[in-house]
Amino acid sequence: MNAPAVSVYLIRLPAEFLQWWFLEAPVTLLKILRFIFEAAVHLFSFKLLFTTYFKPWKNEYREGLVRTGIFIGAFIKTWLILFDVAALTALFVVEATIFAAWLLLPFVVIILLYGAIFT
Amino acid sequence: MEQFSPSTSRIFAAASFVNLYSSIFLVAIRILIAVSLVILLTVSYTSSINQIFYLIFSIAVVFFIFEIFYREKVLKETALPLKQGQVNLADSFSLEAARLILTTGNLNDPASLMGSLLNNPKVLFVINKADVTAEEINKLLDSAPASNKQLNFATTLLAARNWALKEGRNFIDKLDILLALINQDQELKNLLFQKEIKEADILNIVYWTRAWFEGDNKHFWEKPVETLGPGMAEFWAGGWTLETEKYSIDLTKQMQEGRESSMLVGREKELEQVEEVLARGEKRNVLLLGPPGIGKTTIIRGLTERSIQGLLPEALKYKRFLEIDVTALLAGAASGELEQRLQNLLEELTHAGNVVLFIPEIENLAGGSGTGANITGHLINSLEQGRLQVIATSTREAYRRFIEPQGTFAAAFEPIDLEEPSENEAIRVLEQAVPGIESKNKIIVTYKAIQSSVALSQRYMVDRVLPGKAIDLLDETAAAVSMKQKKLLEPSDIETLISQKTKIPVKEAVGEEAKKLTNLEAILHQRIIDQEEAIVTLANALRRARTIERETKRPIGSFLFLGPTGVGKTETAKALAALYFGSEESVIRINMSEYQSTDSINRLIGAPPGTGEYEEGGEFTEKIRHNPYSLVLLDEMEKAHPKVQEAFLPVLDEGVFEDVTGRKIVFTNTIIIATSNAGAEFIRESIQGHIPMENLKKSLLEKLQREAVFKPEFLNRFDGIIVYKPLSEVEIVQVVGLLVKELAARLQKQDISLTVDPQVLSWIAKSGFDPTYGARPLRRFIADNLEEKIAKEMLSGKIKRGSKIKATVQNNQLVFYS
C-alpha cells in the first residue's frame, strides 16, 4: 500500500489554514455565538416576560387576589425585563468582540512581528 | 471500478500528518515549546525590551493558532460519503480508521490488523459483549495454521464498505473494519460460531456500542436552545399545585434530579399519536392500553424527558408531568371527602395550565379498585372541555370491563393500543437497561445473556409481554449472579433461573441428561410394562423437545391414548411428567366425564358475563393459568360433549385457549395427553384375533369416527394417537413385580427387607386381576393382602426394624418367613 507523504499534506496546509480560519471557522463561530445569544434569550425568558406581562403572578385565580397577582407580576417582570435587556446587550457586545478578534488575530500577529523586527 | 488509493486520498494524507504530529517525539517537543513560550513570555514581560516581548508573544499566538487549527480542523477531517461509482474508496474512511490502516504493520496478516484494532475501546466493548476476550483472540490468531494467516486486504476493505452500508452509514470506521475482519478470517468466524454469535447479533452489538460511545453526535450549538431546559419565568407562568402535590408524584422533578430515566427506545409511532392528541384543542386525553410490562409507563417517562428537553410541540413543552397517586387519593377519604379532594385537584390543575396528568391504571377510578369507588362522573367535564391534558393507562381487559361500559367517560379518551415489540426491538431496549443493571449488581452482562433473556422469557413467561418480562428476568438473574460473587452474567445463568422457576430443563442436554434421554425407553419401561408403541412415540417426542428448537407455540406434545382400563395410560402420563417436569405433581388431571353437557363448557372457560361466577374464570383455564408448565391429562375424553372437544381444537393447533374474559391461556409449555376407553372391546377382540397393531389402529380410528365418538378434525390435531393393548398374563405378572418392588422399596426405608417368591407374583396376578379393570385392581389387592398382613405382623412385633422377611404362598394363602 502506498501511503501518502506527509510533505504533500504540509504543502497544502497554509491554503487549508487560510480557508478554514477565514471562511469555515467564522461560520461555525457565528453559529456558536448565535446559539449562546438565543440560549440567553430563552433562559432569561425574554419573550415570556412580555407575553405574560399582564397575567397574574402564578396564575392566581382566587377572587380578590387576581388584581394583586397582576400587580406583583408586572412589578417583578418590569425589573426582569430591564435586567434582560442589559444582560443581552452586554452579551451581544462581548460576542461581537470575540468574532472580530477571531478575524483580526492573524493580522495582529503580523503587526506584532513587524513591530518586533522593524522597530 | 472502485479503487483503494490512500496516496491520493485527502483523509489518508491528513491521517499521515496526524500520526506524525501525535507521535511521542513530536508531542514531547510541542509540550517543550509551550512551556518554553510561557517562561519566555513571563521573563520578557518583566524586561524593558518590548521587541523581544512582541516577538515571543507573536510566536506564542502562532503556536496557539496552529494548535486550534490542528484540533478543530485537522483532527475533525471528515470522510467523503460512500456512493455508487466512487473512484477512490480511501476517501470514505474515517480519520481514525485511516490512521489505523497506516499504522498497521502487515495489513494482510489478521493478527497484525486485529492487534491494531484491539487498542480501541469501542472494539474491546464489542468483543467483550460477544463474550470474547482480547487474550482469547490473540491466542487464537497466533496459533492459527499458516493457511489461515493470510488475508486479502482488498477484499476486507470491500467487506468493510458493505458493513458500513448495511448499518446505514456513509463512511467506513474501525468497527466496520472489525466486522469485515471477522467476516473474512476463518479462525474468528469459528470463534464466533462457537459463541453462537450470528450476523444479526454482531450488528446488534455494534448498534449497542455506537449508542454507548457515540450517543448523540450533534454539537451543542446544533441543538435547539429549548434543550437547555425551561427559562427562568416558566415556573412563574404556571399556577400553584399545592393540593395536587399531596396526591401525586412529580415525574418531571424526579427526572431532573436524575432519580428516574426513560429508557425509551423506538415507539416513534405511538409517541407521535400521543403528542397529537395531547396538543389538540379538545379532548386532550390519551388512554394507553396494553398488558403490564409492555412499556406504557416508559412512554410517559419518555414524554416527560422530551418535555424537559423542549423536544415536544409547544402545547407540551416544559410541562410538569404529575403521576396521580390513586392510593393516596382514595386513602382515608370519608363520604364526600373524595369528591372534594378531586374537585380541588381539578380546579388547581385547570388553572395551573402547565401540568400533564398521568393516571396509571385508570380502571381504579372507574370502579375497578378494591373499594369499588367510581369517580369518573367528576372527571368527565374537565376531560371533555380540554381543560386538562391527561394520559391514562389500563389493560385491554380492564378497559372492556370498567371503562367501555361508561360510554361518556370512555369517549373522552383516545385509546392507543401498544403492540408488543419484536424480539430484536426488545434486545435493543434491554441494551439500554443493561448499564443500570450492571452498575447496580457490579457485574458485566454479555450480549448473549440479553438475547437469552429475551428468547427464554418469550418462551417460558408466556403470560407476560416483552420487554418488561425480559428486563425483570435479567434483573433477577443479575442479582443471583452477584450473590454468587460471579462477575459475568452469561446465558447459562438465565437458563438456570428459568429452570428453577419452571422446573423445566432449559439447558442444552449434555452429560448425564443426554445419556438419560438416549435411554428414555428403558427408563419408561421401569414403570410401564410393554406398550412399546406408546413408549417409543413418547420417548421420541421428549427427545425432540429437549434438543430441537420449536418454531410454533403449540404444546410440547399432544397425544391421544386409546385402550382399555388398567393398561398403563395414566401411569405413562405420570412417568412422563416425572421425567420432563421433575415431578408427578405436575399432572393436571381433568375428568372429562364431568363435561358431558353443553353448559359444562362454562366450567371449562368460565361463566358468561352477568353471572355470579364470571369473575372466577374457568375451572380448567384457571388451573392452567396458575400452572403453565404441566402435563394436562384429559381423562375419558370420549365422554366430553362434542362442543367441549371442539373447544380444544385451538389448544392442540395453536397452543392458545381464550377464556370467557378474553384472556389468552397459553399451552406452549404443556404436554397434553387425552385418554379414552372408547373401543376397548374392539381392541380386545382384535388382539385375540391376532390382527396386526397397524391394522387394528386404522380400523379403531375409523370406528370411532363412524360412531361419532371423535371428529376427524379432533383426531388429526394430535401429535400421536397411541393404542394400548390389553395386558397378557405374563405382562400382568410383570406389573405385579413392579408394584411389589415399589412396596419393598417403601419398607426398606423402615429398614425392613422384603423378598417374594415368583409364586406370590403369579398368585397376586391371578387373584387380583380383573379383565374389566385391567391392572388397576392389582394395587388394591396388594394393599389388602400383602401390605395388610405385613402391617399386622409389625403391630404384633413379629416384624420390626432390621427384619428380613420372605413371602411365599401355601394353600392359596400368603405366608411370611423371617
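**Two loops and a sheet in chain B**

Colleague: In which loop of chain B does B:Gln531 lie?

Modeller: This is a predicted model, where local features need pLDDT of at least 70 and side-chain atom pairs count only at pLDDT 80 or more, while totals for chains, interfaces and linings use all residues. Residues are numbered from 1 along each chain as its sequence is written, with chains lettered from A and ligands numbered from 1 in the order in which they are written. Helices (H or I, at least four residues) and strands (E, at least two) are DSSP runs numbered from the N terminus. On that footing, B:Gln531 sits in the loop between α27 (520–525) and α28 (532–547) of chain B.

Colleague: Is B:Gln531 buried or exposed?

Modeller: Its phi is near 45°, positive although the residue is not glycine. Buried takes 20 or more other C-beta atoms within 10 Å of its own, exposed 12 or fewer, and partly exposed lies in between, with C-beta atoms placed from the backbone. B:Gln531 has 25 such neighbours inside 10 Å, so it counts as buried.

Colleague: And what class does B:Glu196 fall into?

Modeller: B:Glu196, in the loop between α10 (186–194) and α11 (199–213) of chain B, also has a positive phi, near 60°. Because 13 other C-beta atoms lie within 10 Å, B:Glu196 is partly exposed.

Colleague: Which are the edge strands of the open sheet in chain B?

Modeller: Strands pair if DSSP finds at least two bridges between them. The order is β16-β17-β18, with mixed pairing. Those pairing on one side only are β16 (753–756) and β18 (813–817).
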